[in-house]
Every structure is written in structure tokens, then in C-alpha cells.
Amino acid sequence: MTRNAFVALVTCFNEDETINFEATRAQVRRQVAAGNNIMCAGTNGDFTALTHEEKIRLTEHVVDEVAGRAKIIVNAGMPATFETVQLAKEFDRIGVDGIAVITPFFIACTQDGLVRHFSTVADTVKTPVYLYDIPARTQNHIEPATAAKLAGHGNIAGIKESGGAQETLAAYLQVSKENPGFEVYSGPDHLVLWSLQNGAAGCISGLGNALPHVLAGILAAFNSGDIAEAERQQAIYTAFRTELYALGFAPAMVKRSLYLQDKSVGASRQPALLPDDTQDEKIREILKKYELL
């Protein structure tokens with residue numbers, strides 16, 4: 001079984017904060033050239049700051065640019081099941097390989113509520129649906145028992161685990177072992193190789209925006225059976241992650257590291273993420289250390 005790396009692609013913005021579709025297409029080309037697949041409209045793609053219509057247009061541009069050369073997963077998750085379904089229908093129409101559905105945020109959900117939410121979306125579309133668990137951001141967590149229940153749905157193909165705990169990832173991997181066809185994709189950048197060695201179908205990584213060839217290198221080495229090389233690449237990936245993420249909110253740091261290399265990616269739409277000269281200098285030092293500047 002060949003394992004796959006997806007990069008949770010940044011969304012590029014112009015100075016007036018409108019989406020820069022051409023710059024985003026350039027980032028797609030960069031990832032595909034490295035050998036990575038694409039997840040768009042995710043956490044690293046500023047999905048919480050995109051309008052309903054922008055997510056649709058963004059997905060259309062990404063699909064057009066990829067042109068079948070890589071796999072595409074797009075995040076449709078919103079707090080309301082209604083809007084999630086509407087977005088999922090649009091992505092189903094456009095044609096992607098998977099539709100990720102992040103757990104509802106702001107709204108506290110029971111596990112039964114999560115089952116109804118995800119099942120409703122999966123009932124509505126033909127494209128395979130992937131659960132997306134990131135409790136630190138949504139305050140809702142998909143318990144392993146709930147994942148096991150949802151694994152029995154004919155159109156729920158797997159889960160992206162972004163909680164960061166190896167214990168949770170291990171629990172989902174056990175669900176996968178007991179439910180053939182239910183795939184686990186790891187989100188934590190420091191656990192890419194560990195997850196592959198323990199049965200994950202692949203990873204969906206935000207850090208891959210900054211180090212696309214290192215991420216692709218981990219997967220290529222693992223798929224070829226060269227574990228020593230995979231460990232070497234993972235060590236680089238983990239060290240870069242540790243240094244960069246120590247400076248602030250991870251997606252913002254990834255975006256800023258790209259901006260300092262290529263201003264066409266633009267800043268972030270998120271509030272309170274203003275440029276900081278001292279922080280920028282620290283990021284530049286990290287980029288120089290890893291020969292990215």
C-alpha cells in the first residue's frame with residue numbers, strides 16, 4: 001500500500017485581502033512538483049476567514065490547476081450541518097477525491113450529535129467523506145468509539161487526526177485495523193513517520209507548505225522501504241517544526257515563513273496576526289538555518 005502526503009495548502013491573499021488565485025495556483029504547482037497531494041480550505045488555508053462563495057471558487061481553481069496530477073481533499077466543515085451540506089454538495093459537483101468535515105466549532109456537540117452531523121453530510125454526497133478532529137480549535141472531539149461507529153457508514157472513508165496526541169492517533173489506528181477501508185491521516189508534523197509505521201494511510205501536514213520536499217522525502221523513503229532515510233527526513237521536519245512553532249500560532253508561523261520567502265502569498269486574514277519585526281527576524285534566522293533563504 002502506497003502512503004500519501006497531503007499538504008494543507010495556504011490560501012494566498014492580495015494586499016486588500018482578496019484571494020490571490022494566481023499565487024495560490026503557484027503554490028499548488030510547487031506542491032505537486034514536490035510530489036505532494038493537496039488539501040484546501042483547511043486550517044492552514046484560513047478557512048474560517050473565507051466566505052462560502054470563496055471556498056467554492058478556491059476549490060475550482062485548485063482542481064483546475066492540479067488537473068488530475070495529484071489527489072485533492074477539501075474541507076467543508078462549518079458549525080451548522082446545513083451549511084456544511086451545502087458546501088459538500090458544491091465540492092461534490094466540482095469533483096474532488098475527498099471531502100473533509102471538521103468537527104463543528106463554537107457549538108458544543110454530544111457524540112450522538114456528531115454521528116448525526118457527519119452521517120447527514122456523508123448521506124448527501126457521492127465523494128468520500130473524511131472526519132477531521134482538531135479539538136484544540138473546535139472544542140469538540142470525536143471519541144474513538146464514535147469514529148468506529150462512523151466507520152460503518154458506506155461513504156465515510158477515514159479521519160484526519162490533528163489533536164497532536166500520539167495516544168489518540170493510536171486509538172484511531174486501532175479503529176482502522178478493525179474496520180478495513182477506514183483510513184487514518186495524521187496531522188501532527190512530528191508524528192508523520194510514526195503514524196506511517198503504525199498503519200496510517202498518510203498524513204495531512206501544514207508544515208509541508210514550508211518544507212514540501214522534506215515531507216515528500218519522508219513518504220518516498222518510507223514507501224521504498226528506506227527507513228533510515230525516512231528517519232533522517234523526519235528529524236529535519238521535527239526540528240524545523242519545533243523551532244518555528246515556538247514563535248506563535250502554528251498556521252500563522254507557516255504562512256509568515258512563506259511570506260518572507262515569497263510576498264505573493266500575502267498575509268493572513270485572521271485577527272491580531274500583525275507583522276512583528278522581532279518575530280520576523282527570528283523566522284528569517286530559522287529559514288537561513290534550513291537554507292530556505
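Helix H11 supplies three residues to the lining of the largest pocket, the largest share from any element. That makes a good starting point for a walk through the open and enclosed spaces of this structure, which is a predicted model.

**The largest pocket**

The space in this pocket comes to about 420 Å³. Its lining counts 23 residues, and those closest to the centre are Ile 134, Ser 162, Gly 187, Tyr 245 and Ala 250. Besides H11, which spans 250–259, helix H5 (135–138) and helix H10 (227–245) each bring at least two residues to the lining. Sorted by class, the lining holds eleven nonpolar, eight polar and four charged residues.

**The second largest pocket**

Here the space is about 240 Å³. Sixteen residues would be a lot to list, so to speak, but the ones to find on screen are Thr 43, Phe 47, Thr 48, Phe 249 and Gln 270, which lie nearest the centre of this 16-residue lining. H5 and H11 are the elements that give two or more residues to the lining of the second largest pocket. H11 gives the most, with three residues. The classes here are seven nonpolar, six polar and three charged.

**The cavity**

How many cavities of 30 Å³ or more does a search of the whole structure find? There is one, and its volume is about 30 Å³. The residues around the largest cavity are Ile 73, Ala 100, Tyr 130, Leu 131, Tyr 132, Lys 160 and Ile 204. Strand S5 (residues 129–133) gives the most to this lining, with three residues. By class, the cavity lining has six nonpolar residues, no polar ones and one charged.

Here are the three spaces side by side:

| Space | Volume | Nonpolar | Polar | Charged |
|---|---|---|---|---|
| Largest pocket | about 420 Å³ | eleven residues | eight residues | four residues |
| Second largest pocket | about 240 Å³ | seven residues | six residues | three residues |
| Largest cavity | about 30 Å³ | six residues | no residues | one residue |

**A look at Lys 263**

Following the chain on from H11 brings you to Lys 263, which sits in the loop between H11 and helix H12 (277–289). Is Lys 263 buried or exposed? Lys 263 counts as exposed because its relative accessible area is 55%, and the cut-off for that class is over 50%. For a sense of distance, pick Val 125 as well: 138 residues separate Lys 263 and Val 125 along the chain, and their C-alpha atoms are 37 Å apart.

How values were computed. Residues are numbered from 1 along each chain as its sequence is written. This is a predicted model: local features need pLDDT of at least 70, side-chain atom pairs count only at pLDDT 80 or more; totals for chains, interfaces and linings use all residues. Side-chain values use heavy atoms; hydrogens and water are left out. On a 1 Å grid over the protein atoms alone, a cavity is a set of points where a 1.4 Å probe fits but cannot get out, and a pocket is an open set with protein on both sides within 12 Å along at least five of seven lines; lining residues have an atom within 4 Å of a point. Grid points are joined across faces, edges and corners, and a volume is the space filled by probe spheres set on the points. Helices (H or I, at least four residues) and strands (E, at least two) are DSSP runs, numbered from the N terminus. Ala, Val, Leu, Ile, Met, Phe, Trp, Tyr, Cys and Pro count as nonpolar, Asp, Glu, Lys and Arg as charged, and the others, Gly among them, as polar. Buried means under 20% relative accessible area, exposed over 50%, partly exposed in between (1.4 Å probe, protein chains only).
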